[in-house]
Each structure stands twice: as C-alpha cells, then as structure tokens.
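Here is a short report on a predicted model. It covers a helix pair, salt bridges and a few single residues.

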Amino acid sequence: MNLIEQLNRAINYIELNLTDAEALSSVASVTSYSQYHFQRIFNYLTDMPLSEYIRKRKMSVAVVDLQRGDKVIDVAIKYGYNSADSFTRAFERQHGFTPTSVRQDGVKFQIYPPLTFQIQIKGVQKMTCKIETKSAFDMFGVYGEISSDMEKAFD
C-alpha cells in the first residue's frame, strides 16, 4: 500500500472515530508507520500537527451538533472534553464565539472539511532551456553516514 492510500485510510479512520479518544490515539495503526513517524509525515505534508487537525475536525462537527440543539456539556463530553469550560475555550479559539451563539441566525463559523491526499503530477509542459559554458568553480559538501534503521535515521 502506498503512502497516499495510507494517509487517506488514516483520515477515514479519524472521521469514523472523532468521538473515541482512545481510537484516535492509535490512528497510525491503520498505516504501516509507527505513531511517531506517522505524526511526523502528517505534519510535514499538511504543515499542521495531527492533534491540531483532529481538534479542528471535532470543532467543525460540533457546530452541527450544537445547531441541532444538543446541550453544550453533552457535545463537550462527546468530543472528549472534561468540562464545558474547556470545550468552550477550544470552540472560541476556532470559531471566535461561544458554543451557545451558534444557534443564532446569521452566525458565520469556520468549518475544516476532512483532508484528502492526492498526487499531482507537474512538469508536462515544455520548458525553454539554454546551456552555457562557465569558468571553473569549487564545490564543497559534507559526507556522513545515515543508519539504515528508519527509527534511528530521523532522530
């Protein structure tokens, strides 16, 4: 299974388990990567930590629950918050208003849709090039051996 398939499988897993904190802590289990490496790959590709992505998705889905009329404390517990206060702080950070305000008409909020990973191939267009002869110059580099053990190579 390639990286793109594994990342999309992990996103699907997150979406199915947004209300299960224990399952979310082992999201890497649906990939062939360790939790450590999966989080590093995810952060590198999305420029966002996995925990932040999960929090944004939870707050996005929580808006729907609140608009449906669910109590703030029920929604807070559903998405893994220990209190309505901690949920309210996280909700305000993302949306800019309290959870109870979402029921008012005309309130604008920010939704973060689920990620999808795709390969985009570039370079099909022609390029105009020119080869020039330059005078000699010195090049320098650094040589070092990297362990073939993936866990050690990225420490």
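## The α1–α4 pair

Helix α1 spans residues 3–16, and helix α4 spans residues 50–67. Their axes come within 11 Å and cross at roughly 45 degrees. The angle lies neither under 35 degrees nor in the range from 65 to 115, so α1 and α4 count as oblique to each other. Their crossing is right-handed.

Which residues meet where α1 and α4 touch? From α1 come Ile11, Ile14 and Glu15. From α4 come Leu50, Tyr53, Ile54 and Arg57. Sorted by class, this contact has five nonpolar residues, two charged residues and no polar ones.

## A salt bridge between the helices

Side chains of opposite charge can pair when their charged atoms come close. In this model, Glu15 and Arg57 form a salt bridge through their side chains, at 2.7 Å from N to O. The pair ties together distant parts of the chain: Glu15 sits in helix α1, Arg57 in helix α4, and 42 residues separate them.

Are the two partners buried or exposed? Glu15 has 24% relative accessibility, so Glu15 counts as partly exposed. Arg57 has a relative accessible area of 6%, under the 20% cut-off. Arg57 is therefore buried.

## A salt-bridge network

How many salt bridges does the model hold? The count comes to seven. One of them joins the side chains of Asp65 and Arg68, with N and O 2.7 Å apart. Arg68 also forms a salt bridge with Asp70, where the closest N and O atoms are 3.2 Å apart. Through shared partners, salt bridges join Asp65, Arg68, Asp70 and Lys78 into one network.

Accessibility varies within this network. Asp65 is buried, because its relative accessible area is 3%. Arg68 reaches 54% relative accessibility, so Arg68 counts as exposed. Asp70, at 26%, counts as partly exposed.

## Two loop residues

Asn17 lies in the loop between α1 and α2, where α2 covers 21–24. Is Asn17 buried or exposed? Its relative accessible area is 16%, so Asn17 is buried. Neighbours within four places in sequence aside, Asn17 is in contact with Ala23 and Leu24.

Asp47 lies in the loop between α3, which covers 35–46, and α4. Most residues other than glycine have a negative phi. What is phi for Asp47? The value is near 60 degrees, which is positive, and Asp47 is not a glycine. Asp47 has a relative accessible area of 71%, over the 50% cut-off. Asp47 is therefore exposed.

## Phe38 and its contacts

Phe38 belongs to helix α3. With a relative accessible area of 1%, Phe38 is buried. What does Phe38 contact, leaving aside its neighbours within four places in sequence? The partners are Leu7, Ala10, Val27, Ala28, Thr31, Tyr33 and Leu50.

Leu7 lies within the residue range of helix α1, and Leu50 within that of helix α4. Leu50 also takes part in the contact of α4 with α1. Another partner, Val27, is 11 residues from Phe38 in sequence. The C-alpha atoms of Phe38 and Val27 are 8.7 Å apart.

Notes: Residues are numbered from 1 along each chain as its sequence is written. This is a predicted model: local features need pLDDT of at least 70, side-chain atom pairs count only at pLDDT 80 or more; totals for chains, interfaces and linings use all residues. Side-chain values use heavy atoms; hydrogens and water are left out. Axes are lines fitted to C-alpha atoms, for helices over the stretch in contact, and angles run from 0 to 180 degrees between N-to-C directions. Helices (H or I, at least four residues) and strands (E, at least two) are DSSP runs, numbered from the N terminus. Angles under 35 degrees count as roughly parallel, over 145 as roughly antiparallel, 65 to 115 as roughly perpendicular and the rest as oblique. A crossing is left-handed if the near helix is turned anticlockwise from the far one by less than a right angle, and right-handed if clockwise. Contact means heavy atoms within 4.5 Å. Ala, Val, Leu, Ile, Met, Phe, Trp, Tyr, Cys and Pro count as nonpolar, Asp, Glu, Lys and Arg as charged, and the others, Gly among them, as polar. A salt bridge is a side-chain nitrogen of Lys or Arg within 4 Å of a carboxyl oxygen of Asp or Glu. Buried means under 20% relative accessible area, exposed over 50%, partly exposed in between (1.4 Å probe, protein chains only).
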